[in-house]
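This report describes the overall fold of a single chain and then the setting of one acidic residue. The structure is shown first.

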Amino acid sequence: MSHTYRFCAGPWNWSEGRDPYGPETRPAQTFDWKLRELKKLGFDAMMFHDDDAVPDIDTKTHAQVLAEARELKRRLDGEGIVAEMVAPRLWFSPRTVDGAYTSNNPADRRYAIDRSLQSIDIARELGTDILVLWLAREGTYLREAKRAGQAFDWLIEAFDAMLAHDPKIRLAIEPKPNEPMDHAYVPTIGHVLAIATLTRDPARTGALIETAHCILAGLDPSDEMEFALRFGKLWSLHLNDQNGLKYDQDKPFGSVSLRSAFDQVRTLERWNYGAKGEYVCFDVHPFRTTAPGQWSAALDNSRRTFLRLVEKARTFDETRAQELISKLDYQALDQLVLEHLLGK
Ligand code: XUL
Ligand code: MN
């Protein structure tokens, strides 16, 4: 395995330090600045929410939205940066207060579908066939407020509308078990692949896996990735890290568990992830104390760690590991991994 990986980040990864208990700690930066930083870091692609691509999107006509998307494409082309995906931001508007596709308000469900169809049009303008769906508020504040079976029907109806809207679009559903909801309806990759089978085009319904979201579900990220890869459904990736089953932390890749990061990279290597044009995206946020001068470090460090771990995966003594596995000598296998990671 020797292909080189291509890297991607989103404008929101230069976050300003705000959390539920305090305001921004860094002044916002312009999109042009972020694009320049991305280039300096040696990244190849940018991922976009619909309103990252077209700010204040709800105040604009469809024609204006498309014109701005076209203009953005020209800027990206000028910089040699690819648009990796577009994702409708369906958790900010007052019209998504009870969820988007699964809201109990029919007018709000319609809004969510229309906005998603528009995101597909933006994706087309930007030259990507991937629509990412993080189903942020598709869950409940309390269980009795909705019926899960009904919610699944509404989700399938929405996915079908998107698949019918554009014969080329592929839906990459990003599962997350909780936050902002107590329980989400599509919490794991298993749920994504199961619901994909009920859509009008299962072949165009796949997944994006985020490390932190797997950990929040109490699952092993490399196993989740392996599962999606086995089905040919891992179309995008958000690598980061997460300290236990707490709030979503979006730490730099490898920050909490270098060993788990190694396992994830080893999985990607084994399946040749990236060879079909997939990108390695980092969905990381700088720590709240980060000064503006170090703003890009969370992305740069994640990429460095990733590349070091690619080397580790490629130099791991697989023959020795197989010998130990055949003898069920997991004690020695454990130490083989640890010493390989520790280095000389
Ligand atoms: C939320 C999350 C989002 C998605 C894109 O936890 O990961 O940033 O990746 O909408
Ligand atoms: Mn993500």
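## Burial and surface

In this predicted model, 53% of the 344 residues of the chain count as buried. The accessible surface of the chain amounts to about 15,800 Å². Carbon and sulfur atoms contribute 52% of that surface.

## Fold and dimensions

The chain contains 12 helices and 10 strands. Its radius of gyration is 20 Å, close to the 20 Å expected from the globule rule for 344 residues, so the chain is as compact as a globular protein of that length. Along the principal axes, the C-alpha atoms occupy a box of roughly 60 × 45 × 40 Å.

Contacts between residues distant in sequence are well represented: among contacts with a separation of 6 or more, 77% join residues 24 or more positions apart.

## The environment of Asp283

Asp283 lies in the loop that connects strand β10 (280-282) to helix α10 (297-315). Beyond its neighbours within four places in sequence, Asp283 is in contact with Trp12, Asn13, Glu174, Glu210, His238, Leu239, Asn240 and Asp250. This set includes the acidic residues Glu174, Glu210 and Asp250.

Which side chain of opposite charge is nearest to the buried Asp283? It is Lys176, at a distance of 8.1 Å. Because a salt bridge requires a separation within 4 Å, Asp283 has none, although it is buried. The side chain of Asp283 does, however, make a polar contact with the side chain of His238, at 3.2 Å. His238 is also one of the residues listed above as contacts of Asp283.

Notes
Residues numbered from 1 in each chain as written. Chains lettered and ligands numbered in written order. Predicted model: local features only at pLDDT ≥ 70, side-chain atom pairs only at ≥ 80, totals over all residues. Heavy atoms only, no water. Helix = DSSP H or I, 4+ residues; strand = E, 2+ residues; numbered from the N terminus. Buried < 20%, exposed > 50% of the residue type's maximum accessible area, 1.4 Å probe, protein only. Polar contact = N/O pair within 3.5 Å; in protein donor to acceptor, adjacent residues only side chain to side chain. Contact = heavy atoms within 4.5 Å. Rg over C-alpha atoms; globule rule 2.2 N^0.38 Å. Areas by Shrake-Rupley, 256 points an atom, 1.4 Å probe, with all protein chains shown as cover.
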